[in-house]
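Visitor: I would like to learn how to read a model of this kind, feature by feature. Could you take me through the one shown here?

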Amino acid sequence: MLVDRDAGGTATLAAEVGDQAFPVPVDLTHDGAVDTIVDSTIEHWGRVDVLVNNAGTSAHGPLVDVPREVLEREIAVHVTIPFLLIQRVARPMITAGYGRIINISSVASLIGPLDLSPYGVAKTGLNGVTRAAATELAQHGITVNALALGPIATDLLRSTWPPDQLAARAEHLPARRLGEVDEVAHAVQFLCSPLSGFINGAVLPVDGGSVAAGAYMVEQYRRWNAHS
Ligand SMILES: NC(=O)c1ccc[n+]([C@@H]2O[C@H](COP(=O)([O-])OP(=O)(O)OC[C@H]3O[C@@H](n4cnc5c(N)ncnc54)[C@H](O)[C@@H]3O)[C@@H](O)[C@H]2O)c1
């Protein structure tokens, strides 16, 4: 089930994937969206095995200037809707005794983000949803994990950073490059599979080592430049 408010995007992707894919062009924040998504999934497949909470927006600007509606929008997309979707899919998953839930979080939830406070705060909330749901649902064979993504080469990132700043951002990662969409997909695929059955409530960085390096990255970058 390909859920996105971008109707053209879901239709194109569904055509690419083939007749196993069903587009669900809805805005997640609209009334009734959660029911539409889960009901149409049950209608097509008779069950729900996996939920990936991936939709995201990103608002930037200094914390002191953030309008209330921007903060509330970020929390709606990254916390409230994932929470409600987990609630809704948990019942059929409990009945089945099996489920996989993956929340797409961000390194901005693990460090103090710069000029991204509503986004970082909301993603931190999503990590909280992950841990709470994992704790309550583990006994039913359901795992709930989050991926804390570093910069991945997608439209969202390209719209957030001008090209020169994006190139510099990549240079400041231990991996010295941006992540690829497939590298995220492979991590999701692993967490969806029975192979990951004892991993629960984790917030796993998929970030080319940037959280591990922390403030040492500045020193690493200085040394690279000194030797180039
Ligand atoms: N790209 C990165 O560097 C990066 C880094 C950290 C985390 N993330 C997270 O990864 C996820 C995917 O982001 P992306 O980089 O692919 O961005 P993207 O903009 O390419 O994709 C996000 C998708 O979410 C959809 N969406 C947003 N609000 C919606 C709503 N209310 N209803 C329905 N659909 C909605 C958009 O239409 C878009 O297709 C997001 O949760 C984002 O926060 C991305």
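**Reading the model, feature by feature**

Guide: R176 is partly exposed, because 13 other C-beta atoms lie within 10 Å, and the category in between runs from above 12 to below 20 such atoms. Keep in mind throughout that this is a predicted model.

Visitor: Where does R176 lie, and what is the sign of its phi?

Guide: R176 lies in the loop between α6 (163-171) and α7 (181-192), and its phi is positive, about 60 degrees, although R176 is not a glycine. D115 can be read in the same manner: D115 has a positive phi of about 60 degrees and is not a glycine either, and its place is the loop between β4 and α4. With 13 other C-beta atoms within 10 Å, D115 is partly exposed.

Visitor: How should I read a glycine in a loop, and is G208 buried or exposed?

Guide: The general idea is to count neighbours, since a residue is called buried if 20 or more other C-beta atoms lie within 10 Å of its own, and exposed if 12 or fewer do. G208, in the loop between β6 (203-206) and α8 (210-213), has 21 other C-beta atoms within 10 Å and is therefore buried. Leaving aside residues up to four places away in sequence, G208 touches G150, L173, P174, A175, R177 and G179. The C-alpha atoms of G208 and L178 are 7.9 Å apart in space, although 30 residues separate the two in sequence.

Visitor: Is G32 buried or exposed, and where is G32 found?

Guide: G32 is found in the loop between β2 (23-25) and α2, and G32 is exposed, because 9 other C-beta atoms lie within 10 Å. From C-alpha to C-alpha, G32 and P205 are 32 Å apart in space and 173 residues apart in sequence.

Visitor: Which residues does G141 touch?

Guide: Not counting residues up to four places away in sequence, G141 touches G97, Y98 and G99. G141 lies in the loop between α4 and β5 (142-149) and counts as partly exposed, because 15 C-beta neighbours are inside 10 Å. The C-alpha atoms of G141 and M93 are separated by 8.4 Å, with these positions 48 residues apart along the chain counted as their separation.

Visitor: Is a residue in a helix, such as T10, buried or exposed?

Guide: T10 is found in helix α1 (residues 7-17), and T10 is buried, because 20 other C-beta atoms lie within 10 Å, where 20 or more is what the term requires. Apart from residues up to four places away in sequence, T10 touches L2, D4, P23, V24 and P25. For T10 and P25, 15 residues apart along the chain, the separation of the C-alpha atoms is 6.6 Å.

Visitor: How do I read the packing of two helices, and at what angle do α3 and α4 pack?

Guide: The general idea is to look at the angle between the helix axes, because angles under 35 degrees count as roughly parallel. Helix α3 (residues 68-96) and helix α4 (residues 117-137) pack at about 15 degrees, with their axes 8 Å apart, and they are therefore roughly parallel to each other. The crossing in which α3 passes α4 is right-handed. The contact is made by residues including V70, L71, I75, F83 and I86 of α3 and Y119, A122, L126 and V129 of α4. By class, this contact of α3 with α4 has 15 nonpolar, 2 polar and 2 charged residues.

Visitor: At what angle do α2 and α3 pack, and which residues make the contact?

Guide: Helix α2 (residues 33-45) and α3 pack at about 30 degrees, and their axes are 10 Å apart, so α2 and α3 are roughly parallel to each other. Here too the crossing, of α2 past α3, is right-handed. The contact is made by V34, I37, V38 and I42 of α2 together with I81, L84, L85, R88, V89 and P92 of α3. These residues of the contact of α2 with α3 divide into 9 nonpolar, no polar and 1 charged.

Visitor: How many residues surround the ligand?

Guide: There are 21 residues around the ligand, and the closest are R5, G56, L149, T154 and L156. The elements that give two or more residues to this shell are β4 (99-106) and α5 (155-160), and the largest share, 3 residues, comes from α5. By class, the shell around the ligand has 9 nonpolar, 7 polar and 5 charged residues.

Key
Residues are numbered from 1 along each chain as its sequence is written. This is a predicted model: local features need pLDDT of at least 70, side-chain atom pairs count only at pLDDT 80 or more; totals for chains, interfaces and linings use all residues. A residue is near a molecule or strand if its C-beta atom, placed from the backbone, lies within 6 Å of it. Helices (H or I, at least four residues) and strands (E, at least two) are DSSP runs, numbered from the N terminus. Ala, Val, Leu, Ile, Met, Phe, Trp, Tyr, Cys and Pro count as nonpolar, Asp, Glu, Lys and Arg as charged, and the others, Gly among them, as polar. Axes are lines fitted to C-alpha atoms, for helices over the stretch in contact, and angles run from 0 to 180 degrees between N-to-C directions. Angles under 35 degrees count as roughly parallel, over 145 as roughly antiparallel, 65 to 115 as roughly perpendicular and the rest as oblique. A crossing is left-handed if the near helix is turned anticlockwise from the far one by less than a right angle, and right-handed if clockwise. Two residues are in contact if their C-beta atoms, placed from the backbone, lie within 7 Å.
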